[in-house]
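Work through the exercises below with the sequence and the coordinates at hand. Each task is followed by a solution in steps.

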Amino acid sequence: MSWLWAIIVGFVLGLIARAILPGKQYQPLWLTTLFGIAGAVLGNAVAVWIGVGETKGIDWTRHLLQLAGAVLVVGLGEMLYGAVRGRKRQMT
C-alpha cells in the first residue's frame, strides 16, 4: 500500500510544483508524477538530515521540504525533458 501513497503524493506534489513554476511545462503527467516522487524523497532526506523528519503532530517542515524538492526536481526535469525532446525553453 505504501507504493500507492508514493504515487498519489508524487502526483499531487508534481502538480503543485508545476503550478508554482512559471511558464508552460511540456512534460507528460506520468513524468511529473515520477519527478514529484523524487522530490518527495529528496525532501524527506533533507528533513532527516536537519533533524525534523519525525515530529509530533503534522510535519509541516518536512512537507514544505518535500514541496521544495518537488519544485526543484520538476524544474530541472522540465529543462532536461525539453533538451532531450529538442525544444528550447522560452524565457517570457
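**Exercise 1: Two positions in α2**

Leucine 42 lies in helix α2, where helices (H or I, at least four residues) are DSSP runs numbered from the N terminus, as are strands (E, at least two). The model is predicted, so local features need pLDDT of at least 70 and side-chain atom pairs count only at pLDDT 80 or more, while totals for chains, interfaces and linings use all residues. Residues are numbered from 1 along each chain as its sequence is written, and side-chain values use heavy atoms, with hydrogens and water left out.

Task: classify leucine 42 and glycine 43 by burial, and list what each touches beyond four places in sequence.

Solution.
1. The classes are buried (under 20% relative accessible area), exposed (over 50%) and partly exposed in between, with a 1.4 Å probe and protein chains only.
2. Leucine 42 has a relative accessible area of 36%, so it is partly exposed.
3. Glycine 43, also found in helix α2, counts as buried because its relative accessibility is 1%.
4. Contact means heavy atoms within 4.5 Å. Not counting residues up to four places away in sequence, leucine 42 touches Gly69, Leu72 and Val73.
5. With neighbours within four places left aside, glycine 43 is in contact with Leu65 and Gln66.
6. The C-alpha distances are 5.7 Å for leucine 42 and glycine 69, which are 27 residues apart in sequence, and 4.6 Å for glycine 43 and leucine 65, which are 22 residues apart.

**Exercise 2: The pair α1 and α2**

Task: describe how the axes of α1 and α2 are arranged, and name the residues that meet.

Solution.
1. Axes are lines fitted to C-alpha atoms, for helices over the stretch in contact; angles run from 0 to 180 degrees between N-to-C directions.
2. The axes of α1 and helix α2 (residues 29–50) come within 7 Å and cross at roughly 100°.
3. That makes α1 roughly perpendicular to α2, since angles of 65 to 115 degrees count as such, under 35 as roughly parallel, over 145 as roughly antiparallel and the rest as oblique.
4. On the α1 side, Ala6, Ile7, Gly10, Phe11, Leu13, Gly14, Leu15 and Arg18 take part; they meet Leu29, Thr32, Thr33, Gly36, Ile37 and Ala40 of α2.

**Exercise 3: The nonpolar patch**

Task: give the members of the nonpolar surface patch and the helix that gives the most to it.

Solution.
1. Patches are made of residues with over 30% relative accessible area and no salt bridge; like charges are joined within 9 Å, and nonpolar side chains (Val, Leu, Ile, Met, Phe, Trp, Tyr) within 5 Å.
2. Accessible areas come from the Shrake-Rupley method with a 1.4 Å probe, and for residues only the protein chains shown count as cover.
3. The patch covers about 1100 Å² and consists of Trp3, Leu4, Trp5, Ile7, Ile8, Val9, Phe11, Val12, Leu15, Ile16, Ile20 and Leu29.
4. Helix α1 (residues 2–20) gives the most, with 11 residues.
5. Tryptophan 3 is in helix α1; its relative accessible area is 58%, so it is exposed.

**Exercise 4: The salt bridge**

How many salt bridges does a search of the whole structure find?

Solution.
1. A salt bridge is a side-chain nitrogen of Lys or Arg within 4 Å of a carboxyl oxygen of Asp or Glu.
2. The search of the whole structure finds one.
3. The side chains of arginine 62 and aspartate 59 meet in a salt bridge, at 3.1 Å from N to O.
4. Arginine 62 and aspartate 59 are both buried.
5. Side chains of opposite charge can pair when their charged atoms come close.

**Exercise 5: The chain as a whole**

Task: summarise the elements, extent and surface of the protein chain.

Solution.
1. The protein chain has three helices and zero strands, in the order α-α-α from the N terminus on.
2. The C-alpha trace spans about 45 × 30 × 20 Å along its principal axes.
3. Of the 92 residues in the protein chain, 34% are buried.
4. The accessible surface comes to about 6400 Å², and 72% of it belongs to carbon and sulfur atoms.
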